[in-house]
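Q: Could we go through this model together, helix packing to begin with and empty space after that?

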Amino acid sequence: MRVLLVALGCLLTGSQLAWGHAALVTASPASGSVLAQAPAAVVLTFSEPVGVTAAQLVGPDGQSLALGPVQDQGREVRIPVPEDRAQGTYLLSWRVVSTDGHPVGGTLDYAIGASSAPVAAAGPPASARSLAIWIVRWLGYLCLFTAVGAALSRFLDANGRNTWSRPAISLGVVLLPVSLGLQGLDLRDAPWAALAQPATWAQALASTYAATLGLAAIGFGAAALAQVLRPRGLFLGAALASLLFAGMALAVSGHAGTAPPQWLSRPAVALHVMMAIAWIGVLMPLSRLLRRPLEAAGGHRALARFSCWITPVVALLVLSGALLSVLQLDRVADLWHTDYGRVLTAKLCLVGLLFCLAAYNRWRLTGPVLAGRGTARSRLRSAIRAEIVLAVVILAVVALWRFTPPPRSLASAPVAVASAVTLADDRVQVVLEPFGGSWTIHLTQPDGKPFIAQSVAVAVGAPDAGIEPVRRTAQRQADGLWRIALPVLPSNGRAQVGVTVLVDDFDQITLQARW
């Protein structure tokens, strides 16, 4: 118990102040500047302390130039650049890791003498690395919830060993180094071959996500012990330890755990995760228990105990989830205006279905099962299996948050690069075409009539050339068209463009294309 109290104290007090996903606040020189001579260094100031994981300067000829030693001191990053006097546009692509352990990238453009003429570029296929990160994180969640849920189920049935959970524990442990390697690749924005480089693993170990994986490993170990220990006090203590370390693991990194104030957000994340495991993690052992005769297996007592604890568990789950939503969202409209909000909306819809099933089980089926009605037990097992399927889908949706910064940390100053391209859906067609040193954006409805929008933002990057996205907001012209100045991107490889059209305060359209 003393160990658990110390661990909880570390969770409450051991974190430094942070603002989650870092956002670029200022840059010197400013993006889009035209300078008389080359600067000695580029200085980037972020909304929170960051560490630089990658930096690249591309000259007007598309070739990479050598950079001096990068200095990252707290929120300020100083990148010495060569005194190259060639006239044209320079692109400084940067990638940093914020306190929540997630990489953030962007590109700053400046010109010496005069800007280079816009050129065409093009974009890569979908990132296999991002897909791998999502799959591994989803499977990791499933293994952790299964392992800890099986350990907790010994509170319901002290005689149950749940050896069926061992494959989940083994897979979860195997996925830990896989997750660490993928984190290193993402932090460095490096190819698969970089897994053989010590720098990739060193970068991952230096991130806060390494602490998440370490605590998860302890959680898996405690869950395994809970299945083999015989004295009641020992196996129940191991089960509680596995639950606590699982909650801490997901609280020490990620968007939610780094929302200010951290003294509130970190415990809220830990509590939310622990209550989720105490509910959906226990569903599998409960379903297996219902396959046996309840009288012989002590099932009546186990089902009655679960029925008693599920109400306060769900109440704490809802309260902690509501608190985290308030900390992450700036306004209600963020639920449909931002990727983070849309993921949250999808999760809430699925959780709503899960609540309906749980209420049906609790108030309509549990009583008849305890009364010995066989048909009710069959229906309860089927309903619990449906809950398990929904829980698996919910965890898949939650894993998408790895790629969606919350609205509170979205960068406020947009910046980009493009070439002629058409993007469209069933509501709007967006055509970007060259116009001198800038680009003109045409917005039309499918029938050809003008499409009215409040604002238009463009983001374009060249991942094949190692160039992070540059982003800018277009300006509306007197003729109703939109115009935006865009720097030159290297022409080697494909490029990717995204256009965000703000229709009104409650409606936003996002389109993407590769070319």
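Q: At what angle do α2 and α5 pack, and how far apart are their axes?
A: This is a predicted model, in which local features need pLDDT of at least 70 and side-chain atom pairs count only at pLDDT 80 or more, while totals for chains, interfaces and linings use all residues. Residues are numbered from 1 along each chain as its sequence is written, and side-chain values use heavy atoms, with hydrogens and water left out. α2 and α5 pack at an angle of about 35°, with their axes 8 Å apart. Axes are lines fitted to C-alpha atoms, for helices over the stretch in contact, and angles run from 0 to 180 degrees between N-to-C directions; helices (H or I, at least four residues) and strands (E, at least two) are DSSP runs, numbered from the N terminus.

Q: Which residues meet there?
A: Arg137, Cys143, Leu144, Ala147, Val148, Ala150 and Ala151 of α2 meet Tyr209, Ala216, Phe220, Ala223, Ala226 and Gln227 of α5, where contact means heavy atoms within 4.5 Å. By class, the residues of this contact are 11 nonpolar, one polar and one charged; Ala, Val, Leu, Ile, Met, Phe, Trp, Tyr, Cys and Pro count as nonpolar, Asp, Glu, Lys and Arg as charged, and the others, Gly among them, as polar.

Q: And how do α5 and α6 pack?
A: Their angle is about 160°, with the axes of α5 and α6 8 Å apart, and α5 and α6 are therefore roughly antiparallel to each other (under 35 degrees counts as roughly parallel, over 145 as roughly antiparallel, 65 to 115 as roughly perpendicular and the rest as oblique). The contact includes Leu215 and Ala222 of α5 and Phe245 and Met248 of α6, and its residues divide into 15 nonpolar, three polar and no charged.

Q: What about α2 against α7?
A: The axes of α2 and α7 come within 8 Å and cross at roughly 75°, which makes α2 roughly perpendicular to α7. Phe145, Val148, Gly149, Ala150 and Leu152 of α2 meet Ala276, Ile277, Ala278, Ile280 and Gly281 of α7, a contact of eight nonpolar, two polar and no charged residues.

Q: On to the voids: what volume does the second largest pocket have?
A: The second largest pocket has a volume of about 1,100 Å³, a volume being the space filled by probe spheres set on grid points, which are joined across faces, edges and corners. On a 1 Å grid over the protein atoms alone, a pocket is an open set with protein on both sides within 12 Å along at least five of seven lines, a cavity is a set of points where a 1.4 Å probe fits but cannot get out, and lining residues have an atom within 4 Å of a point.

Q: Which residues lie nearest the centre of that pocket?
A: Among its 49 lining residues, Leu250, His272, Val273, Val398 and Trp401 lie nearest the centre of the second largest pocket. Its lining has 33 nonpolar, 13 polar and three charged residues.

Q: And what lines the largest cavity?
A: The largest cavity, with a volume of about 60 Å³, is lined by Ile133, Val136, Arg137, Ser179, Leu182, Gln183, Tyr209 and Arg402. α2 and α3 are the elements that give two or more residues to this lining.

Q: Last one: which peptide bond is cis?
A: The bond from serine 28 to proline 29 is cis, with omega near 5°, and proline 29 lies in the loop between β1 (24-28) and β2 (33-35).
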